[in-house]
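Here are a couple of warm-up exercises to try with the viewer open. Work each one yourself before reading the solution.

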Amino acid sequence: MAIEVIKPGLATSVQDLGRPGYYHLGIPLSGGMDRYALQAANLLVGNAPGEAVLEAVFLGPELRFTSSALVAVAGAELPPKVDGEPQATWSAFEVKAGQTLSFDYLRRGARAYIAIAGGIDVPPVLGSRSTYLLGALGGFDGRALKAGDEIAVGTEQRSAAAGRSVPEALRRLPAVAAELRVLPGLYWHRVTEAGHQQFFEDTWKVAPEADRIGYRFRGGRPLPFVERRPPFGAGSDPSNIVDSCYPYGSIQVPGGTEPIVLHRDAVSGGGYFMIGTVISADMDLVGQLQPHTIVRFVSVSLDQALAARRDRHRQLDELRQTLA
């Protein structure tokens with residue numbers, strides 16, 4: 001079975017749960033920005049949770065199906081249509097041979113995940129079908145989809161049927177104003193006590209520069225730095241450090257003015273200090289934030305971060321049991 005791309009959307013790419021294990025070589029995790037929504041879409045059509053799907057950003061693609069298939073769309077509220085007929089999100093529906101899947105205007109969130117029974121069948125690269133766009137690695141020829149592409153779909157299909165839906169209580173959608181929980185970082189000491197306080201007091205907004213590499217935030221006050229004698233190789237800017245590794249979710253603040261949360265396609269190291277790290281339980285939420293969304297950063301302890309991760313795992317387990 002193949003799917004013909006009539007219109008590619010804004011930046012539609014093949015993604016799965018990513019390729020861990022190569023970060024030390026400078027190859028990032030990649031994979032779906034909203035891992036929960038990606039897994040939900042897969043489970044709705046009977047796929048394993050980590051099968052490859054299409055990640056659509058802001059604007060959905062237009063796809064013609066050459067064979068009948070079970071489809072689900074989860075994540076952002078990007079309403080799907082089959083030959084113009086509206087379909088529900090977070091639910092499984094059938095697309096028959098010859099029909100076209102398209103999308104209405106985005107209503108909420110930023111990224112929608114289109115799962116097709118059998119999974120998107122592109123060659124795995126380093127154990128993953130995810131697209132690393134900056135490195136032209138994996139996915140469909142290492143790039144976003146374009147008109148005229150033909151996407152293969154796997155033939156292994158499990159028991160699933162149209163009409164299955166994720167209960168409202170198990171759907172994760174971003175709020176009008178978001179809170180991102182943060183663990184203070186290794187370079188917390190580079191900012192004054194007053195700077196620590198104002199970083200969490202200030203209200204920020206998502207900047208237009210928000211993509212798979214990182215999300216930039218604006219609107220808060222510049223951070224005051226502790227005076228220092230610059231170490232050799234760091235440079236004179238107080239936000240610069242001698243090169244260090246960047247954990248997934250790191251918040252770097254170049255010049256102390258605009259925080260950037262590094263996401264799934266970010267580089268693994270560099271020369272900017274990190275004020276903290278967004279906890280893993282909130283990274284899916286970052287990927288669903290639209291530009292100009294109001295955001296507050298909230299300081300948490302390691303115990304609180306671990307508790308949030310456990311809660312996240314419990315929610316995913318409940319989702320799997322509900323759709324089993």
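**Exercise 1.** In which strand is serine 13 found? Work out its surroundings too.

Before starting: this is a predicted model, where local features need pLDDT of at least 70, side-chain atom pairs count only at pLDDT 80 or more, and totals for chains, interfaces and linings use all residues. Residues are numbered from 1 along each chain as its sequence is written, and side-chain values use heavy atoms, with hydrogens and water left out.

*Solution.*
- Step 1: Serine 13 sits in strand β2 (strands are DSSP runs of E, at least two residues, numbered from the N terminus).
- Step 2: Serine 13 has a relative accessible area of 1% and is buried (under 20%, with a 1.4 Å probe and protein chains only).
- Step 3: Skipping neighbours within four places in sequence, serine 13 is in contact with Val53, Leu54, Glu55 and Thr131 (heavy atoms within 4.5 Å).

**Exercise 2.** Place β2 in its sheet and find what packs on that sheet.

*Solution.*
- Step 1: The open sheet has 5 strands, ordered β2-β3-β10-β5-β8, with antiparallel pairing (two strands pair if DSSP finds at least two bridges between them).
- Step 2: β2 (13-15) and β8 (92-95) are the edges; each has a single partner strand, so one side of each lacks a neighbour in the sheet.
- Step 3: β5 (residues 69-77) pairs with β8 over 4 bridges, antiparallel, and alanine 72 stands opposite alanine 92 in β8.
- Step 4: Helix α1 (residues 35-44) packs on the sheet, touching β2, β3 (53-57), β5, β8 and β10 (108-116).

How values were computed:
Axes are lines fitted to C-alpha atoms, for helices over the stretch in contact, and angles run from 0 to 180 degrees between N-to-C directions. Buried means under 20% relative accessible area, exposed over 50%, partly exposed in between (1.4 Å probe, protein chains only).
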